Amino acid sequence: MVTFVTTNPGKIHEAQEYLDEPVEQLDFDYPEAQADDLATVAANGARAAYEHVGEPVIVDDSGLTVDALDGFPGPYSSYVEDTLGIERVWQLTKDEDDRSAAFRGVVAYCDGEAFEATPEPVDRGSAESDERRGQDTAADERASATTDGQVARDEDAPPVKLFEGVVPGEIVAPRGDGGFGFDPIFEYNGTTFAEMDTEEKNAISHRGRALAKFGEWYAER
Ligand code: IMP
């Protein structure tokens with residue numbers, strides 16, 4: 001069984017499509033530490049959720065990254081959707097020559113144990129994951145980011161395995177009535193996510209791609 005810590009029951013149905021194991025929702029609103037990248041937010045969330053629950057957990061974090069805006073809004077996607085709104089994100093991007101963007105989803109798994117090295121990175125609680133350091137670090141190299149951005153060694157920080165799914169696309173003027181969030185301004189192969197039906201979108205979604213990678217690894221584990 002996989003325990004998915006989320007307040008959103010819709011994510012459980014989606015996860016179940018990608019995993020052979022039964023997926024159970026644990027409705028716990030874990031504290032989200034601020035960070036400039038989705039992987040760090042997801043890793044810290046998985047650690048907090050694991051420490052609260054005391055059993056193996058997954059959490060996910062996703063968002064839109066716009067290349068011309070240096071990856072903004074990224075982990076701030078939900079906040080930006082509620083404050084600026086998607087029309088303003090389109091306005092910010094529309095005069096750029098390059099309007100490429102991506103939806104990114106990160107699934108983070110923590111069970112308190114160390115992990116063997118695979119292509120997927122392991123976050124050990126430092127400000128950077130293995131991938132971002134470009135190294136395959138040993139399990140005992142654990143650290144944690146403090147709130148002021150300093151990196152402090154923390155021998156007790158459990159490692160977190162990260163699985164990223166990416167859907168590349170382009171920012172366009174809003175089109176379509178379906179979906180949610182930034183779907184109307186995100187075009188994939190000529191169609192915005194808001195113009196696709198749920199089945200079509202789920203078949204290519206970033207969350208699905210991350211869950212599929214996790215599912216494959218978890219089946220082996
Ligand atoms: P969450 O981490 O899945 O809760 O997503 C955070 C935010 O990213 C959402 O509130 C949306 O603003 C944006 N987002 C994530 N996934 C999607 C998507 O599939 N379509 C549109 N917006 C998304």
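**Entry 1: surface and overall make-up**

I began with the surface and found that the protein exposes about 11000 Å². Carbon and sulfur atoms supply 44% of that exposed area. I note here that the model is a predicted one. Next I looked up burial: 48% of the 221 residues of the protein count as buried. For secondary structure, I recorded 7 helices and 10 strands. I then turned to contacts with a separation of 6 or more, and 61% of these are accounted for by residues 24 or more positions apart.

**Entry 2: strand 4 and its partners**

I next examined strand 4, which covers residues 100-110. Is this strand mostly covered or mostly uncovered? I found it mostly covered, with 9 of its 11 residues buried.

I then asked which strands pair with strand 4. Strand 3 is joined to strand 4 by 10 bridges, and the two run antiparallel. Within this pairing I located Asp60, which stands opposite Val107 of strand 4. Strand 8, residues 160-171, also pairs with strand 4 in the antiparallel sense, over 10 bridges. Here I noted Gly105, which stands opposite Gly165 in strand 8.

**Entry 3: the largest pocket**

I moved on to empty space. Rolling a probe the size of a water molecule over the atoms shows where such space is left. The largest pocket has a volume of about 1100 Å³. Its lining consists of 43 residues, and those closest to the pocket centre are Lys11, Ser62, Ser78, Phe180 and Arg207.

Which elements give two or more residues to this lining? I listed helix 1 (9-18), strand 3 (57-66), helix 3 (77-83), helix 6 (198-204) and helix 7 (206-220). Strand 3 therefore appears twice in my notes, as an element of the pocket lining and as a strand joined to strand 4. I also sorted the lining residues by character and obtained 14 nonpolar, 16 polar and 13 charged.

**Entry 4: Pro31**

Finally, I looked up a single residue, Pro31, which is found in the loop between strand 2 (23-26) and helix 2 (38-53). Is Pro31 buried or exposed? Pro31 counts as exposed because its relative accessibility is 57%, and the cut-off for exposed is over 50%. I also checked the distance from Pro31 to Ala49. The two residues are 18 apart in sequence, and their C-alpha atoms are 8.6 Å apart in space.

How values were computed. Residues numbered from 1 in each chain as written. Predicted model: local features only at pLDDT ≥ 70, side-chain atom pairs only at ≥ 80, totals over all residues. Heavy atoms only, no water. 1 Å grid on protein atoms, 1.4 Å probe; cavity = no way out; pocket = protein on both sides within 12 Å on 5 of 7 lines; lining within 4 Å. Points joined across faces, edges and corners; volume = space filled by probe spheres on them. Helix = DSSP H or I, 4+ residues; strand = E, 2+ residues; numbered from the N terminus. Nonpolar A, V, L, I, M, F, W, Y, C, P; charged D, E, K, R; others polar. Buried < 20%, exposed > 50% of the residue type's maximum accessible area, 1.4 Å probe, protein only. Contact = heavy atoms within 4.5 Å. Areas by Shrake-Rupley, 256 points an atom, 1.4 Å probe, with all protein chains shown as cover. Pairing = 2+ DSSP bridges.
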